[in-house]
Amino acid sequence: MLEIFNTLLNAYGPRCWWPAQTPFEMMVGAILTQNTAWANVEKAICNFGDCLSPEYIAKASSEELARIIRPSGYYNQKVLKLKALTEWYERYEYDIDKARQVEGDLLRQELLAVKGIGPETADSILLYALDKPFFVIDAYTRRILYRLGYNLPAAYDTLQRQIQANIPQDIHIYQEFHALIVEHAKRHCRKNPLCSGCPLEERCPQRI
Ligand code: SF4
């Protein structure tokens with residue numbers, strides 16, 4: 001695993017994720033990116049203007065929020081999710097430092113209990129907004145590891161444990177590794193892969 005990480009890091013350089021100005025914007029982005037391309041999330045985030053705060057989302061009407069986040073798709077569902085996320089955040093008085101003081105497993109349980117937050121979204125928030133070491137598993141991770149020859153368990157948490165057991169428990173490695181996986185899936189290991197020039201080509205059985 002570490003060899004894959006280092007190869008991708010050498011090929012693409014540090015990605016310095018998550019692309020957000022504040023931890024709360026990061027959390028909002030993690031909800032909005034569900035089932036849509038990042039370009040649509042950027043449009044929705046941009047529509048907030050200076051209003052992107054938990055206080056605003058808590059008070060705004062559903063119609064107003066739906067209008068703002070419309071470019072991200074599934075906007076009626078996402079309004080409910082953003083409201084639920086903000087309600088969870090309120091227990092920490094919208095203070096990221098207070099939330100970060102809480103133990104990671106407990107935060108994960110809380111986030112998974114929030115409407116519309118599954119393991120991938122919860123772990124993204126934990127890793128990039130709350131600085132907790134939870135490796136994010138997404139479809140790109142599965143696609144790349146499968147093609148590289150790994151036999152992957154179906155269960156999210158099992159695969160997460162296996163990956164975490166094979167890399168140092170370092171939040172910066174977790175953050176970079178996931179970002180590099182996304183980069184690699186976009187540049188080379190696409191649905192129809194561009195294997196020529198792929199930095200992992202030499203060690204890849206290309207189980208396509
Ligand atoms: S060689 Fe092809 S299949 Fe293997 S990781 Fe690279 S792009 Fe993906």
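**Helix packing and the ligand site**

In helix α8, which spans residues 104–112, the buried residues are Gly 104, Leu 107, Arg 108, Glu 110 and Leu 111. Around the helix axis these residues cover an arc of only 160°, so they lie on the same side of α8. The model is a predicted one. The packing partners of the buried residues of α8 are α6, α7 (96–100), α9 and α11 (156–164). Charged side chains are represented on this buried side by Arg 108 and Glu 110.

Helix α9, one of the partners of α8, is mostly covered, with eight of its 10 residues buried. The buried residues of α9 are Thr 121, Ala 122, Asp 123, Ser 124, Ile 125, Leu 126, Leu 127 and Tyr 128. They pack against α2, α6, α8, α11 and α12 (171–187). Within this helix, which runs over residues 119–128, Thr 121 was examined individually. The relative accessible area of Thr 121 is 8%, which is under the 20% limit, and the residue is therefore classed as buried. When neighbours within four places in sequence are left aside, Thr 121 is in contact with Ala 30, Ile 31 and Gln 34. Of these, Ala 30 and Ile 31 belong to α2, which covers residues 23–32.

Helix α5 comprises residues 62–69, and its buried residues are Leu 65, Ala 66, Ile 68 and Ile 69. Viewed down the axis of α5, the buried residues fall within an arc of 160°, and they therefore line one face of the helix. Glu 63 and Arg 67, on the other side of α5, are exposed. The elements that cover the buried residues of α5 include α2 (23–32), α3 (38–48), α4 (54–59) and α6 (75–90). Helix α2 thus recurs as a packing element, being listed for the buried residues of α5 and for those of α9. Helix α6 is likewise listed for α5, for α8 and for α9.

The ligand sits in the largest cavity of the model. The residues around the ligand are Arg 147, His 184, His 188, Cys 189, Cys 195, Cys 198, Glu 201, Cys 204, Gln 206 and Ile 208. By class, this shell consists of five nonpolar, three polar and two charged residues. The nonpolar group takes in Cys 189, Cys 195, Cys 198, Cys 204 and Ile 208, while Arg 147 and Glu 201 are the charged residues. His 184, His 188 and Gln 206 count as polar. One of the shell residues, His 184, falls within α12 (171–187), a helix against which the buried residues of α9 pack.

Technical notes
Residues are numbered from 1 along each chain as its sequence is written. This is a predicted model: local features need pLDDT of at least 70, side-chain atom pairs count only at pLDDT 80 or more; totals for chains, interfaces and linings use all residues. Side-chain values use heavy atoms; hydrogens and water are left out. A residue is near a molecule or strand if one of its heavy atoms lies within 4 Å of it. On a 1 Å grid over the protein atoms alone, a cavity is a set of points where a 1.4 Å probe fits but cannot get out, and a pocket is an open set with protein on both sides within 12 Å along at least five of seven lines; lining residues have an atom within 4 Å of a point. A molecule sits in a cavity or pocket if more than half of its atoms lie within 2 Å of its grid points. Buried means under 20% relative accessible area, exposed over 50%, partly exposed in between (1.4 Å probe, protein chains only). Helices (H or I, at least four residues) and strands (E, at least two) are DSSP runs, numbered from the N terminus. The arc is that of the directions from the helix axis to the C-beta atoms. Contact means heavy atoms within 4.5 Å.
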